[in-house]
Amino acid sequence: MSVEDVRAADVRAHTFDGIEEFDNRLPNWWLWTFYLACIFSVGYWVHYHTLGTGDSPTDEYNIAQAEAAALSLKRARENPVTNESLIELSKNPEIIKEGRKIFENPQLCAQCHNASGNGNIGPNLTDEHWVYGNSPMDIYETILKGRATDPEKGYVGGMQAWEAKGPEFVQTVTAYVLSIMHTNVSGKAPEANAKKLPKSF
Ligand code: HEC
């Protein structure tokens, strides 16, 4: 076979600006990567999309997020309770939801502070005036231990201790009180012995 014959057999019919194109077979190694990719894609599709037996990147992301959230919650609960751990809890929407349920229960906080927290027998917890301080730990102590009458210090008292409900209960409802702090729902006027304080965190 002459060189011209080979050319006539392998060169494709078209030319562009005088440039011709051979029609060579693709190398086997290239074809195999292609075939294997095809086979892999079928397995991939069945595993992730048809059977759903694998976690998609979105699922993996969501699982990682949930694990991180659970870990941060666990840490916030386990540590000795601090201003920071309570602030961390107050940023967790699930905790706030739980805390709101506790607070708004007519048998619990709402009985004396109203469901909105704007005060009834107990003070308005949404205003800027505080008898016992408004740092997260002040609020936590108030709820944990209660506040008794103390005529010497001018304390009216009447806030019961909630320690018996357990630390999680107190932390959760403290986080909720932090979330409504200084939202200024109009209601009960500030107590005579309360101080106006800036938001503490
Ligand atoms: C039986 C009524 C009653 C119930 C129930 C009650 N409180 Fe109180 N609370 C009071 C009174 C009264 C005071 C004010 C005490 C004082 O001035 O000495 C108070 C004070 C407080 C304070 C401190 C306010 C400040 O100005 O320093 C916080 C915080 C508080 N309550 C949160 C709660 C939470 C949270 C609950 C539910 C777990 C709750 N209270 C349930 C009556 C109640």
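Trainee: What classes of residue make up the lining of the largest pocket?

Mentor: The lining has 19 nonpolar, 11 polar and three charged residues. Asp, Glu, Lys and Arg count as charged, Ala, Val, Leu, Ile, Met, Phe, Trp, Tyr, Cys and Pro as nonpolar, and the others, Gly among them, as polar. A pocket is an open set of points on a 1 Å grid over the protein atoms alone where a 1.4 Å probe fits, with protein on both sides within 12 Å along at least five of seven lines; lining residues have an atom within 4 Å of a point. The model is predicted: local features need pLDDT of at least 70 and side-chain atom pairs 80 or more, while totals for chains, interfaces and linings use all residues. Numbering runs from 1 along each chain, and side-chain values use heavy atoms, without hydrogens and water.

Trainee: Why is Asp17 called exposed?

Mentor: Its relative accessible area is 81%, and exposed means over 50% (buried is under 20%, partly exposed in between; 1.4 Å probe, protein chains only). Asp17 is therefore exposed. The residue lies in the loop between β1 (11-16) and β2 (19-22), where strands are DSSP runs of E of at least two residues and helices runs of H or I of at least four.

Trainee: What makes the phi of Asp17 notable?

Mentor: Phi is near 50°, a positive value in a residue other than glycine. Asn114, in the loop between α6 and β3, also has a positive phi, about 70°, although it is not a glycine.

Trainee: Why does Asn114 count as partly exposed?

Mentor: Its relative accessibility is 27%, so Asn114 falls in the partly exposed class.

Trainee: How do you know the class of Tyr35 in helix α2 (residues 28-50)?

Mentor: At 39% relative accessibility, Tyr35 is likewise partly exposed.
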